[in-house]
Amino acid sequence: MKADPFKIPSNQAGLYIHIPFCLSKCGYCSFYSIKSINLIPEYIAALKKEIKHYSNVFSSFDTIYLGGGTPSLLSIGQLETIFKAINKSYKIYPHAEITMEVNPGDVSLEYFQAVRSLGINRLNIGIQSFDDNILKFLGRRHNSAEAISAINDSRKAGFDNIGIDLIYGIPGQKISLWKRTLQKTLSYAPEHISCYQLSLETGTPLYKEYALQDIKLPAEKEQLKFFQTTADELEKAGYIHYEVSNFARKDKFKSRHNQRYWQHLPYLGLGPAAHSFLGNRRWWNTSAVKTYLKEIAQDKMPVENTEILSAEQLQLEALFLGLRTKNGIDLKLYKTKYGADLLKDKETIIDALIKNKLVEFKDGFLRPTCTGMAIADSLALI
Ligand code: SF4
């Protein structure tokens, strides 16, 4: 029987490469990145060493994800160097999903064509909004015209698997404006849409303004309305709401790479702050670029810490991650993998959640309802 190329093989791992550079800091961003792009050549040389180092742990990958920061700040030559290093040390499967995050302000038709010739077959475009006032408020470097050009150029370059990232719940944003953003997004028929609710984390520029009461986020009830409107509009257009923030036009367009994170499948993360997971071991790198470069120059791996997850921790994570996905938790698989009977262990609470229409039990799966997905973070506390 022919293998289904879209089924995630459990013996193949995903590779994440972090590009920790941004030309400016977006107001809401809490990810680690620095503006010193003069360090990029040195960074790529260090990354090459780290790529080679793990070839005695991982042998093959069927997903690669270049995230950031801003991977689209890299020149084609720099991207080529990274891919040459990857291909030299690992087997990359012919059907591999190879994703790159791009910032609409950096790209052109020629750039996309060259990116595609390197084997990158999926783009995640950080559009966030088509409204210039909102883009300005968020501190994005691009405007709506550049967002539209980026989408059109990616299609002209032949990309047939693009994802559009959006942010909602911006202070003062009306549901009607958000609906228009969704309709505009749908007019480009992207294969994947991610919709994130704006959250203001400590230390971000927007949080400082928020703390001073200059800006107000929508109240909880309003946030729920945004969430449900998003789900309704995109599902009406035929998209599959397969994870709290993620929608795919077809099953085959669900992010295979991200599903590794949600299914406890192995992945290797390279670059500052990147996390890796194998078996019951998780480890992560130091987050400072300068420390990362220094340690690699001294032939040390820049691992900041490692944790071995106990059976209970793995179960809790599987529950937390599973209830964020539409598929939910396969109770038979859960029992085989984690040696626990979820329905029996949490019977009273699961009954209460079912009564409150937050989860449903069907065909051997425990699944969140749409309302359950909206409050997925608290569901996991059961
Ligand atoms: S481009 Fe992305 S990583 Fe960089 S500051 Fe903006 S949100 Fe953060």
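Two strands are taken to pair if DSSP finds at least two bridges between them. With that in hand, a good place to begin this predicted model is an open sheet of three strands, whose order is β13-β15-β14 and whose pairing is antiparallel. At its edges are β13 (329-330) and β14 (359-362), each of which pairs on one side only. Helix α14, made of residues 347-355, packs on this sheet and touches both β14 and β15. The direction of α14 makes about 105 degrees with that of β14. Between β14 and β15 (residues 365-368), four bridges form in the antiparallel sense. In one position along this pairing, Glu-360 is found opposite Arg-367 of β15.

Val-359 offers a closer view of this region, as it belongs to strand β14. Is Val-359 buried or exposed? There are 24 other C-beta atoms within 10 Å of Val-359, and a residue needs 20 or more to be counted as buried, so Val-359 is buried. Leaving out residues up to four places away in sequence, Val-359 touches Ile-350, Leu-353, Ile-354, Leu-366, Arg-367, Pro-368, Thr-369 and Gly-372. Gly-372 lies 13 residues from Val-359 along the chain, and the C-alpha atoms of the two are separated by 6.0 Å.

Parallel pairing appears elsewhere in the chain. Strands of a sheet pair through backbone hydrogen bonds, either parallel or antiparallel. Strand β4 (residues 122-128) and β5 are joined in the parallel sense over four bridges, and Ile-125 stands opposite Ile-164 in β5. On to β6, six bridges join it to β5, and these two strands also run parallel. Ile-164 has Ile-193 as its bridge partner in β6. Strand β5, which spans residues 162-168, is mostly covered, with six of its seven residues buried.

A further antiparallel pair is formed by strand β7 (residues 240-243) and strand β8 (residues 246-248), which share three bridges. A hairpin of two residues leads from β7 to β8, and His-241 stands opposite Phe-247 in β8.

The interior comes next. In soluble globular proteins, nonpolar side chains tend to be buried together. Here the largest nonpolar core has 73 residues, and those touching the most other members are Ile-17, Ile-125 and Tyr-168. Which residues does Tyr-168 contact, leaving aside its neighbours within four places in sequence? They are Gln-173, Trp-178, Cys-195, Gln-197, Leu-198, Phe-226 and Thr-230. Apart from the largest core lies another, of nine residues, including Ala-318, Ile-329, Tyr-334 and Leu-366.

Leu-177, in helix α6, gives an intermediate case of burial. With 17 other C-beta atoms within 10 Å, Leu-177 falls between the limits of 12 or fewer for exposed and 20 or more for buried, and is therefore partly exposed. The C-alpha atoms of Leu-177 and Thr-230 are 12 Å apart, while 53 residues separate the two along the chain.

The ligand has its own set of neighbours. Around it are Cys-22, Lys-25, Cys-26, Cys-29, Phe-31, Ser-33, Gly-68, Gly-69, Thr-70 and Asn-103. Sorted by class, this shell holds four nonpolar, five polar and one charged residues. Two of the residues around the ligand, Gly-68 and Gly-69, are joined by a cis peptide bond, with omega of about 20 degrees. Gly-69 is placed in the loop between β2 (60-68) and α2 (76-89).

Some backbone angles also deserve a look. Most residues other than glycine have a negative phi, and most peptide bonds are trans. Ala-189, though not a glycine, has a positive phi of about 45 degrees. Its loop runs between α6 (175-186) and β6 (192-197). Ala-189 is exposed, because 11 other C-beta atoms lie within 10 Å and the limit for exposed is 12 or fewer. Asp-299 is likewise not a glycine and has a positive phi, of about 60 degrees. The loop that holds Asp-299 lies between α10 (289-297) and β12 (303-308). With 8 other C-beta atoms within 10 Å, Asp-299 is exposed as well.

How values were computed:
Residues numbered from 1 in each chain as written. Predicted model: local features only at pLDDT ≥ 70, side-chain atom pairs only at ≥ 80, totals over all residues. Near = placed C-beta within 6 Å. Nonpolar A, V, L, I, M, F, W, Y, C, P; charged D, E, K, R; others polar. Contact = placed C-beta atoms within 7 Å. Axes fitted to C-alpha atoms, helices over the stretch in contact; angles between N-to-C directions. Core = buried A, V, L, I, M, F, W, Y, C linked by C-beta atoms within 7 Å.
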